Amino acid sequence: MSESSRYHPQAIEASWQQQWQEQGLHATPALQPGDDAFYALSMFPYPSGNLHMGHVRNYVITDVVARVARLRGKRVLHPMGWDAFGLPAENAAIERGVDPGAWTDQNIAAMRQQLNQLGLSIDWDRELATCHSDYYRWTQWLFLQFLEAGLAYQKDATVNWDPVDQTVLANEQVDSEGRSWRSGALVEKRKLRQWFLKITAYADQLLDDLPKLEGWPERVRTMQANWIGRSTGAELSFPVVDADGHDTAERITVFTTRPDTIYGASYVVLAPEHPLVARLTTEEQAIHVEAFCDLVSRQSEQERTADDKPKRGVPIGARVRNPANGELIPLWIADYVLAEYGTGAVMGVPAHDQRDFVFARQYELPVRQVIIPEGSDEHAYEGGAWTEAGVLIHSGRFDGLASGEAKAAITAAAEVEGWGRAKVQFRLRDWLISRQRYWGCPIPVIHCDSCGVVPVPVEQLPVELPRDVAFSGKGGSPLAQLESWWQVACPCCGAPARRETDTMDTFMCSSWYFLRYSDSHNTALPFSREAVDSWLPVDQYVGGIEHAILHLLYSRFFTKVLRDRGLLGFDEPFQRLLTQGMVQGITYKNPHSGKYIAPADVTDPTDPRDPVTGEVLEVFYEKMSKSKYNGVDPAVVIDKYGADTARMFILFKAPPEKDLEWDDADVEGQFRFLQRIWRLVDGAAERGLSLADGAGTAAIVAGALADGELSGDEQELRRAVHTAITEISDDLDGDYQFNTAVSELMKLSNAMAAHLEASRPALACEALRTLLILLAPFAPHLAEELWQKLGGRSQAEALAGSSVHLQSWPSADPAALVRSTVPLVIQIKGKVRGSLEVPADADKATLEQLALASDIATKWLEGKPPSRVIVVPGKLVNLVP
């Protein structure tokens with residue numbers, strides 16, 4: 001094989017990347033009325049400085065989607081940016097003594113270079129970074145929109161405090177053991193004044209609009225629905241009684257989805273943080289209550305509410321009156337009741353709630369059954385809680401009602417009599433956005449003793465982060481310690497005032513970035529209504545399942561608020577969502593020590609042993625990570641095989657939504673496949689074939705078909721070409737099946753290797769042209785190089801308009817798919833013994849005659865006639881001796 005006929009990706013990829021960038025091949029076109037716009041977007045990364053295989057998979061998937069859309073004639077927006085605020089940069093400043101902004105910009109530059117090596121068709125002119133003031137100026141502007149709409153507010157709240165990172169954490173950032181998601185520190189509870197966004201005001205819309213998202217995975221919609229958690233029930237008020245049993249003015253309000261069980265309530269439980277606990281606790285119980293509250297304050301929400309954890313509580317000495325039957329019942333506090341959920345109080349109905357049942361048995365509280373299964377008796381379910389529907393007993397005037405009817409009847413009675421009302425409640429809570437750290441978007445408000453909370457005037461935005469900051473990791477936010485920054489004059493009265501020193505949760509920055517891409521150079525607004533409505537909603541969004549709840553929910557919330565503010569004209573930000581699976585690497589672990597072993601330290605993969613102890617290792621696939629030594633550096637793969645091979649493997653190994661197991665042998669296989677394509681096209685070019693020879697192909701083919709002049713090779717070649725067009729087009733519509741699309745490319749290249757040389761130039765060029773256009777989204781560098789090789793142009797000349805990426809997606813010719821013959825399987829006594837090519841329109845009698853006359857029948861029947869012949873037209877003939 002000559003050196004020129006070998007595939008050397010290193011010799012072509014960087015050159016083409018530079019040419020594409022210089023020529024602006026991937027620039028976003030200006031939209032004209034009637035243009036078919038398409039917005040392809042990957043979830044933007046945090047700039048850690050290193051690209052990993054999860055990034056590669058995400059961005060390659062989106063790139064294929066964008067490239068196919070361009071080939072199909074759409075005007076494509078395919079941007080990239082950086083989710084650049086957050087703790088890692090601040091920690092780097094502390095550990096390394098560097099400026100977090102400089103550290104972040106350095107990482108961005110490194111990752112941008114790595115992304116470019118993948119040959120992504122990104123419009124870098126629209127690049128943004130959330131930590132740059134020209135972006136966070138508009139994050140602050142949008143915050144003021146929320147403030148003006150009454151959707152941003154401050155309140156005192158019990159929060160999760162990370163004592164290491166010195167910041168507030170959302171509940172989702174605390175693990176089941178009560179530790180910080182990032183530092184691993186045991187989280188503390190603190191009472192702080194915090195900023196919130198009123199996402200609960202949009203709870204109904206966020207839930208009711210989920211069915212509109214038909215292009216989203218069902219499990220993501222289900223996860224969001226469960227997170228929002230709408231419950232329909234009633235709020236019921238229990239009067240607090242004094243020592244003599246007389247009602248006081250104090251009321252304990254509970255929310256319940258089972259008002260039909262109120263006659264079975266034998267106690268009421270408050271959250272330990274409930275404001276009434278201190279006021280209602282008796283002197284005799286004060287020590288016990290104080291000790292219990294201290295214990296609970298050290299538990300995470302997950303730990304308190306976990307089903308497998310024991311429920312603990314203490315009575316506070318007070319009593320309340322059951323408003324339905326007048327019975328006096330005790331008031332308790334317990335760890336499983338949360339102040340932030342509902343009213344912070346629940347009624348305990350042990351006979352009809354399993355959690356209450358366990359709690360009541362543990363503390364010897366009464367269990368009174370008030371609902372029984374229809375046709376049963378009241379003693380049938382004493383061994384546990386009956387939580388299903390049934391018929392009411394021991395419920396006064398409501399006895400005999402079905403539980404469904406009783407819910408409505410008891411709620412109606414409570415409303416008339418003044419001790420309750422119907423209520424819809426949500427699991428969703430308002431979004432806590434305050435963070436006590438430096439590297440985040442400053443909250444644009446000023447606190448004045450006279451004027452209160454004063455928004456920073458729009459003309460003074462952005463409120464920029466100061467750069468002369470000392471980082472110690474101690475004592476809270478550096479901003480709070482920088483008096484020269486927070487000490488300002490009130491914009492309203494001019495008196496000395498204090499700038500807000502909390503910064504925003506980074507989810508604030510990522511909840512609207514996709515809108516900015518539509519109009520990224522606008523200096524007057526975050527985006528114009530015309531631009532954002534022209535490009536959005538995003539047609540295809542690609543990202544990890546780990547963002548299924550918070551990022552996507554917050555982005556939907558932002559979109560709906562900005563719609564109501566008149567800033568955009570659509571309800572949902574993302575029409576279609578693809579949550580790609582993880583990239584997993586082969587992992588070695590010592591089952592006794594729990595220690596992970598690097599693959600390089602495993603001498604014999606067929607008998608993997610710990611290099612120190614000699615113990616047999618567990619071998620399995622797990623998500624790539626540094627701590628497990630199972631990661632694969634994309635740069636190493638690209639340096640060895642080229643970006644196109646890495647892309648092809650990522651796309652071929654597994655369907656996009658499934659986990660992908662990295663295998664070096666399969667990477668090598670994709671490299672060999674691309675080599676075969678290179679040799680196929682290079683050989684055609686050496687024989688003098690040129691894409692120009694394909695001019696008039698349709699007319700030549702039409703004439704040949706009319707005269708019946710296509711040879712067998714030509715018929716097979718055209719059938720393979722147009723089958724590939726049909727199948728790959730189908731694989732790239734709807735639910736993307738990139739792996740089967742690559743398989744079709746392999747089938748096409750095999751057919752071309754068999755039939756190309758025996759076909760006329762026009763037909764051969766039709767096949768070559770089609771192959772390269774179909775290949776272009778998957779292996780863009782190779783397709784471009786071979787396209788120019790067949791066209792005989794230099795790279796500079798090529799981009800004047802003949803780039804493979806500027807062509808049109810091919811259309812299948814149905815006539816090419818029609819077969820004059822089909823393969824017919826011959827079975828002898830049910831076993832396959834061979835096959836025949838038979839006329840496609842042959843009837844049963846003809847198929848039987850052809851089968852009996854075949855050499856296969858002669859050999860296996862040994863001259864004896866079959867006792868029975870079974871014919872399945874178009875498929876098989878089974879000859880039974």
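Modeller: Before we look at any helix, let us fix one term: a residue is buried when its relative accessible area is under 20%, exposed when that area is over 50%, and partly exposed in between. Keep in mind throughout that we are reading a predicted model.

Biologist: With that term in hand, which are the buried residues of α19?

Modeller: They are Ala643, Asp644, Thr645, Ala646, Arg647, Met648, Phe649, Ile650 and Leu651. Because nine of the ten residues of helix α19, which covers residues 643–652, are buried, the helix is largely enclosed by the rest of the structure.

Biologist: And of the residues of the protein chain, what percentage count as buried?

Modeller: The chain has 881 residues, of which 53% count as buried. The protein chain has 28 helices and 33 strands, and its C-alpha atoms fill a box of roughly 110 × 80 × 70 Å along the principal axes. For a single buried residue, take Leu748 in helix α23 (residues 738–755), where the relative accessible area is 1%. Leu748 is 440 residues from Asp308 in sequence, and their C-alpha atoms are 56 Å apart in space.

Biologist: Let us turn to aromatic rings; how many aromatic pairs does a search of the whole structure find?

Modeller: The general idea is that a pair of aromatic rings is described by the distance of the centres and the angle of the planes. A search of the whole structure finds 32 aromatic pairs. One of them joins Phe359 and Tyr363, whose ring centres are 4.8 Å apart and whose planes make an angle of 50 degrees, so that the pair is classed as tilted, because that class lies between the stacked limit of 30 degrees and the edge-to-face limit of 60.

Biologist: Why are Phe359 and Tyr363 separated by about one helical turn?

Modeller: An α-helix has 3.6 residues a turn, so residues three or four places apart point the same way. Here Phe359 and Tyr363 are four residues apart in helix α11 (residues 354–363), and therefore about one helical turn separates them. Their surroundings should be read one residue at a time: Phe359 is buried at 0% relative accessible area, whereas Tyr363 is partly exposed at 25%.

Biologist: Which residues form one aromatic cluster?

Modeller: That cluster is made up of Phe146, Tyr202, Trp431, Phe507, Tyr554, Phe557 and Phe558.

Biologist: Now for charged pairs: how many salt bridges does a search of the whole structure find?

Modeller: The criterion is a side-chain nitrogen of Lys or Arg within 4 Å of a carboxyl oxygen of Asp or Glu, and a search of the whole structure finds 43 salt bridges. In one of them Glu327 is paired with Arg368, with 3.2 Å between the closest N and O atoms. Glu327 lies in the loop between β11 (313–321) and β12 (328–334), and Arg368 lies in the loop between α11 and β14 (371–372), so this pair ties together parts that are 41 residues apart in sequence. Glu327 is partly exposed at 26% relative accessibility, and Arg368 is likewise partly exposed at 26%.

Biologist: Are Arg718 and Glu766, which meet in a salt bridge, buried or exposed?

Modeller: Arg718 counts as buried at 5% relative accessibility, and Glu766 counts as buried at 13%. Their side chains meet at 3.1 Å, N to O, and the pair links distant parts of the chain, with Arg718 in helix α22 (residues 712–731) and Glu766 in helix α24 (residues 761–775), 48 residues apart. Salt bridges can also join into a network, as they do for Asp209, Lys212, Arg556, Lys560, Arg563, Asp564, Asp571 and Glu572.

Biologist: Let us close with the backbone; what is the phi of Glu364?

Modeller: Glu364 has a positive phi of about 55 degrees although it is not a glycine. The residue lies in the loop between α11 and β14, where Glu364 counts as exposed at 75% relative accessibility. His394, also not a glycine, has a positive phi near 50 degrees; it is placed in the loop between β15 (391–392) and α12 (403–417), and at 42% relative accessibility His394 is partly exposed.

Biologist: And where does Pro462 lie?

Modeller: Pro462 is in the loop between β20 (452–455) and α13 (483–486), and a cis peptide bond with omega about 5 degrees joins Leu461 to Pro462. The peptide bond from Leu536 to Pro537 is also cis, with omega near 5 degrees, and Pro537 is found in the loop between α16 (529–535) and β24 (540–544).

Methods:
Residues numbered from 1 in each chain as written. Heavy atoms only, no water. Phe/Tyr/Trp six-rings, centres within 6.5 Å; stacked < 30°, edge-to-face > 60°. Helix = DSSP H or I, 4+ residues; strand = E, 2+ residues; numbered from the N terminus. Buried < 20%, exposed > 50% of the residue type's maximum accessible area, 1.4 Å probe, protein only.
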